[in-house]
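Me: Please take a close look at one part of this model, the packing of one helix pair, and then set it beside the other contacts.

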Amino acid sequence: MNWDLFPQFLATGLLTGGIYALIALGLVLIYKSSRVFNFAQGHILMLGAFIAWWFTENLGWSIWMAFLAAMGVAVLVGLVIERLALRPLIGQPILAAVMMTLALAQFLQGAVILAFGAYQRSLPTMFPLQPLILGDVRLKLNLVLAFAVALIGFAVFVLFFRFTRAGLAMRAAAEDHQLAQSVGLSVPRIFGLAWAIASVVAMIGGVLLANISGVETNLSVIALKAFPAVLFGGLESIPGAIIGGLTVGVIESLVGGLPQDQAIRSLHLGDIAPYVFMLLVLMVRPEGLFGLKRIERI
Amino acid sequence: MALRLAGDFDTSYAHDIAVIRNRGQWLMTLVFLVALFALPFFAGSGILGTLNLIGISIIVVHGLNLLVGYTGQISLGQAAFMSVGAYTSAVLVRGGVSFWFALPAAGLIAGLVGLLFGLPALRIKGFYLAMATLSAQFIIPWFFRNVRVDIFGGMPGLRVPPPELGGIIFNSQQTMYFPIMGVVVLCTIVAKNIARTRLGRAFVAIRDNDLAAEVLGIHGFTYKLRAFFLSAFYAGLAGSLWAHYARSINPEQFSLLNSVWYLGMVIVGGMGSALGPILGATFIRLLEETTIQFSPLLGKIFPEAQAGLLAGLGPLLFGLVLMLFLVFEPRGLAHRWELLKAAWRLRPFAH
């Protein structure tokens, strides 16, 4: 074991975890309000990266302008997805909604490849590239700043839920659809809002991530790591999303980096550590840390 | 229930439960089977290649349909269970075991692995169970990619020898057609009949309301495990056939994407019907084949999109078709077929 490198791996894990947390936030938002788990979250993220690239490349905008514009497009994308794909399925069994988001993921994958082509691009850099050195730990400054932007985004949405009327309406709808409707809230509109916000969150993640690893269709794969994060934190919990995201990032980084033995390293344990962790969570505490435990009655 | 033909009465208990009900249907079944197995003597290897692929998909989707369509448990790991079958069979045959023994062994081992990943069903259900199978979809290919590279071949995978029987070597589309279609026919008969037994009815009861099923005396956990076993067993058989059909396997052939496609076939075909997997697998595979055939043509019409055309059009159309089915015909093609049959039998009346 390379225990001297422990702080290094811990820090890298936390930074990656920040991105997982941001994706997890989008998943939680949609699940909380409409009980749909969005398997297409990663593909919306990838779409965001491509849209931002398109703005910088074809319109010559600065990366920050493109970032804001991508968030604007995200609102539209979220609303369209909710209206055309998910609303017709209200009242259908859970399998239909799961399949719909999986189908949506395939559709977006195909659409992005057709529209932009499947080769890798790079975005203009948002952050300076020099390393940040804190004692023994060397970090890439762009990762740290991306983490900071992710955290700011996270904080903005938490405040939105806490202190705005729309946020309150969303929390009410998450509690009980019928009760929310009986006090005059439009539940379908809240679903639309949830999808719009989740898309914005995904696209923020997409642009941040594309800044670090380039614009490509493989970006969607990262959302698969956010699934263990959401389950660990609890599907209905926003604080759970950040704790889950950071935990999964750290676990992945430590399991992948710490073992020194070549035979163990060659197993690439870091690749599956999040999923083994997810399996354990499912067996020991399926509802996660802060999720709601469901009690069923006939 | 489907409408019966005029004059078709139940005259004995055996006749009451028969699937094939009269001489006309027997005749049609026989003609179909003869035509099915005579086809390789007339068709070219391009068509047979497509049919073989459809056949393997039908087996996988039959298994998935037992789990998803009848028992109502979502599985995102079917391709991974298929890979267990493929690797079992490949390793056994490379070690000198006959393919005809390796085929059922592949089903069995895949079934046991399926059982293992079905175990969380003791505590969780619905969406959470889907996530457990999703973790299978990552852990199993990881295993074949990284563990015991000397046996499983790691990333590049394994080359697989062709099956042999009495001097005949099954190394072409023509010859592989027979074992594949043989297993397809057997699997269809078994799947159709499982649904009509106590086991199948218990599956449906669990799907419709698992708590009520428990109250009726159906032990939900053991029946869910049986569904997981059967589903993975089918996937294992298909995996074994796939290994000897493709003659080379690697972990990338059994990705999450493939699992999603198999689920899509279940939905498009129609859940909870033995006909559904056949229609669904055929429809989606033909759609894929058409895309492959037409994308060079489209590339000439839209030269700027040429690069991503094939890679993009496949997922785009699959996603679109699946979304349209979910919104407009969630009961799938099999339901359409039943409606068509009823309309034909009632013609010229509407009801």
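What is the handedness of the crossing of helix 1 of chain A and helix 10 of chain A, left-handed or right-handed?

Reply: This is a predicted model, in which local features need pLDDT of at least 70, side-chain atom pairs count only at pLDDT 80 or more, and totals for chains, interfaces and linings use all residues. Residues are numbered from 1 along each chain as its sequence is written, and chains are lettered from A and ligands numbered from 1 in the order in which they are written.

The crossing of helix 1 of chain A and helix 10 of chain A is right-handed (the near helix is turned clockwise from the far one by less than a right angle). Helices (H or I, at least four residues) and strands (E, at least two) are DSSP runs, numbered from the N terminus. Helix 1 spans residues 6–34 and helix 10 residues 238–257, and their axes come within 6 Å and cross at roughly 140° (lines fitted to C-alpha atoms over the stretch in contact, with angles from 0 to 180 degrees between N-to-C directions). The residues of this contact of helix 1 with helix 10 of chain A divide into 15 nonpolar, 11 polar and one charged (Ala, Val, Leu, Ile, Met, Phe, Trp, Tyr, Cys and Pro count as nonpolar, Asp, Glu, Lys and Arg as charged, the others, Gly among them, as polar).

Between the chains, the contact takes 39 residues from chain A and 41 residues from chain B (C-beta atoms, placed from the backbone, within 7 Å). On the side of chain B that touches chain A, helix 14 of chain B gives the largest share, 15 residues. That side of chain B divides into 32 nonpolar, eight polar and one charged.

Conventions
Two residues are in contact if their C-beta atoms, placed from the backbone, lie within 7 Å.
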